[in-house]
Amino acid sequence: MHSSSKRRLTASATTALAAALAVVAVSPVLSADASSSGKGRARSVIFINGDGMAAAHREAARLYLAGLDGQLNMDQLPVSGQLTTSPHDPKTAITDSAAAATAWATGVKTYNGAISVDVDGKPLPTLGQQAKQAGKSTGLVTTAQVTDASPAAFFAQTANRSAQDEIARQYLAVSKPDVILGGGEDWWLPAGTPGAWPDKPAEDPTEASKGTKGNLVDQAKADGYQYVSNAQQLDSARRGKLLGLFGNEEMFQQRAEGEGDVYSPAVDLATMTKKALDTLSTNKKGFFLLVEEEGIDEFAHENNAPRTLQALESLENAVKVARAYVDANPDTLLVITGDHECGGLTVEDTSTGDESGTAPSTEDGPFPVKGSKLQFVMDWTTGGHTGADVPVTAVGPLAEQFTGKHPNTHVHEVLSQILTSRH
Ligand SMILES: [Zn+2]
């Protein structure tokens with residue numbers, strides 16, 4: 001647009017244009033200042049974790065869902081940066097979800113497996129608890145167990161991420177999130193009490209109730225939570241404290257292709273996100289909502305690209321819901337990132353040979369580039385996590401602080417400015 005209009009300019013119009021451009025150049029600075037100094041107007045945070053998602057996952061999803069010239073919702077946010085993810089673990093330089101989420105939730109680097117405790121096992125204050133203390137509503141939405149490492153680090157403290165029944169107990173007794181939606185019913189009920197999701201289902205006979213902290217579903221109801229376990233119940237749930245458990249464990253079956261792999265959550269992430277926002281947004285003091293798509297990481301561990309792409313599409317749809325919310329509510333910071341890379345993924349041309357050798361380091365595809373005759377291949381180099389940077393994109397108050405490259409503890413530095421202030 002500028003180049004075509006420029007051709008018609010007279011000398012005096014050029015001067016006018018220069019003045020106009022000066023205003024354009026200045027205004028982003030003004031708005032950044034306004035949003036920084038306007039901290040008083042920043043009330044809420046939506047923080048979205050694509051578990052295991054780094055640059056190559058986002059690019060594969062972009063080609064597959066948006067095409068060569070398209071852009072994902074998650075990539076359309078005006079601010080972007082990079083985060084490094086290494087933990088403080090005596091045995092490894094590569095993080096797991098627990099240490100990464102602890103860095104976000106507490107600002108402290110710790111060992112893999114730690115849920116918001118430091119390297120000496122000392123419990124750390126978490127953003128989920130601090131937001132509550134500041135009078136805000138809090139919630140978590142995930143396709144993993146609601147007590148899995150990423151949400152757990154914001155709302156619980158344990159030396160070992162596998163103590164998921166203890167994490168559920170702490171949700172009810174200590175951190176009291178207003179909205180809890182996801183999988184993991186097995187950890188809320190004692191052995192022999194199957195609940196709404198039957199023990200030993202055909203798709204995974206190892207799943208069965210195994211909690212050791214009593215019947216926490218009954219406890220939640222006694223504490224005033226509405227309890228729902230399917231899409232219809234979720235839809236008709238009233239505003240107010242809400243616990244929804246939509247699976248025994250993860251809301252999918254993570255396996256290699258053709259070995260019983262299923263990505264078909266009982267309720268999709270976007271629907272859960274919408275419901276959570278409907279409830280949390282009624283608090284005038286604001287809210288903190290954690291949204292997580294776990295399938296990206298779990299299927300990347302399996303080097304299962306078709307299901308990884310499905311999980312990425314699910315995340316995209318949830319981002320669309322969150323973006324619509326922040327467009328209507330500019331007092332809300334929206335941040336989208338991943339806790340670490342998973343799979344050592346690259347996006348390649350179809351003509352390259354499978355130079356990475358035998359399983360699990362194999363190629364998947366080819367997959368179509370949307371709106372094009374072109375195709376691409378997804379090549380995995382590991383079934384584990386890697387140390388690759390993760391992109392972070394953001395919009396809303398303080399978003400500009402995500403510009404540049406930072407350690408993952410920077411998430412805590414930014415979010416805490418909004419979530420720990422009482423006003
Ligand atoms: Zn993982």
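Donors here are N, O and S atoms within 2.8 Å of the metal, and because water is not among the atoms, a site may look incomplete. With that in mind, the tour of this predicted model can begin at the zinc ion, whose donors follow the spacing D-x3-H-x83-H along the chain.

**The zinc site**

Select the zinc ion together with Asp-297, His-301 and His-385: the protein donors are two OD entries from Asp-297 and the NE2 atoms of His-301 and His-385, lying 2.0 to 2.6 Å from the ion. If you check the geometry, the angles among the four donor atoms run from 55 to 143°, and the site is irregular; four donors count as tetrahedral if all angles lie between 85 and 135 degrees. Now show helix α11 (residues 295-301), where Asp-297 and His-301 are four residues apart and therefore separated by about one helical turn. Colouring by accessibility sets these two donors apart, since Asp-297 counts as buried at 3% relative accessibility, while His-301, with a relative accessible area of 28%, is partly exposed.

**The whole chain**

Zoom out to the protein chain, which has 13 helices and 15 strands and in which buried residues make up 54% of the 423 residues. Among contacts with a separation of 6 or more, 71% are accounted for by residues 24 or more positions apart. A surface display would show about 17,000 Å² exposed by the chain, with carbon and sulfur atoms supplying 53% of that area.

**The nonpolar cores**

Next select Ile-46, Ile-48, Met-272, Leu-334 and Met-378, which touch the most other members of the largest nonpolar core, a set of 56 residues. Helix α12 (residues 305-328) gives this core its largest share, 11 residues. Centring on Met-272 brings up partners beyond four places away in sequence, including Val-141, Leu-181, Leu-234, Phe-246 and Val-267. A second, separate core of 51 residues can be found by selecting Trp-104, Ala-153, Ala-220 and Ala-399, which are among its members.

**Leu-77**

Move to Leu-77, in the loop between α3 (55-66) and β2 (79-84), which counts as buried because its relative accessibility is 5%. Add Thr-393, which is 316 residues away from Leu-77 in sequence although their C-alpha atoms are 5.8 Å apart in space. Beyond its neighbours within four places in sequence, Leu-77 is in contact with Arg-323, Leu-334, Ile-336, Thr-393, Ala-394 and Val-395.

**Salt bridges**

The whole structure contains 13 salt bridges, and three of them make useful stops.

- From Leu-77, follow the contact to Arg-323, whose side chain meets that of Asp-327 in a salt bridge of 3.2 Å, N to O. Both residues lie in helix α12, four residues apart, about one turn of the helix; Arg-323 is partly exposed at 22%, whereas Asp-327 is exposed at 52%.
- In helix α3, Glu-59 and Arg-62 are three residues apart, about one helical turn, and the closest N and O atoms of their salt bridge are 2.8 Å apart. Glu-59 is partly exposed, with a relative accessible area of 29%, and Arg-62 is buried, with 17%.
- Finally, select Asp-96 and Arg-161, whose side chains meet at 3.1 Å, N to O. This pair links distant parts of the chain, 65 residues apart, with Asp-96 in the loop between β2 and α4 (97-106) and Arg-161 in the loop between α6 (149-155) and α7 (164-175). Asp-96 is buried at 11%, while Arg-161 is partly exposed at 26%; adding Asp-148 to the selection shows the network of salt bridges that links these three residues.

How values were computed:
Residues are numbered from 1 along each chain as its sequence is written. This is a predicted model: local features need pLDDT of at least 70, side-chain atom pairs count only at pLDDT 80 or more; totals for chains, interfaces and linings use all residues. Side-chain values use heavy atoms; hydrogens and water are left out. Donors are N, O and S atoms within 2.8 Å of the metal (3.2 Å for Na, K and Ca); water is not among the atoms, so sites may look incomplete. Four donors count as tetrahedral if all angles lie between 85 and 135 degrees; four count as square planar and six as octahedral if opposite donors are over 155 degrees apart and all others between 65 and 115; anything else is irregular. Helices (H or I, at least four residues) and strands (E, at least two) are DSSP runs, numbered from the N terminus. Buried means under 20% relative accessible area, exposed over 50%, partly exposed in between (1.4 Å probe, protein chains only). Contact means heavy atoms within 4.5 Å. Accessible areas come from the Shrake-Rupley method with a 1.4 Å probe; for residues, only the protein chains shown count as cover. A nonpolar core is a set of buried Ala, Val, Leu, Ile, Met, Phe, Trp, Tyr and Cys residues joined through side-chain atoms within 4.5 Å. A salt bridge is a side-chain nitrogen of Lys or Arg within 4 Å of a carboxyl oxygen of Asp or Glu.
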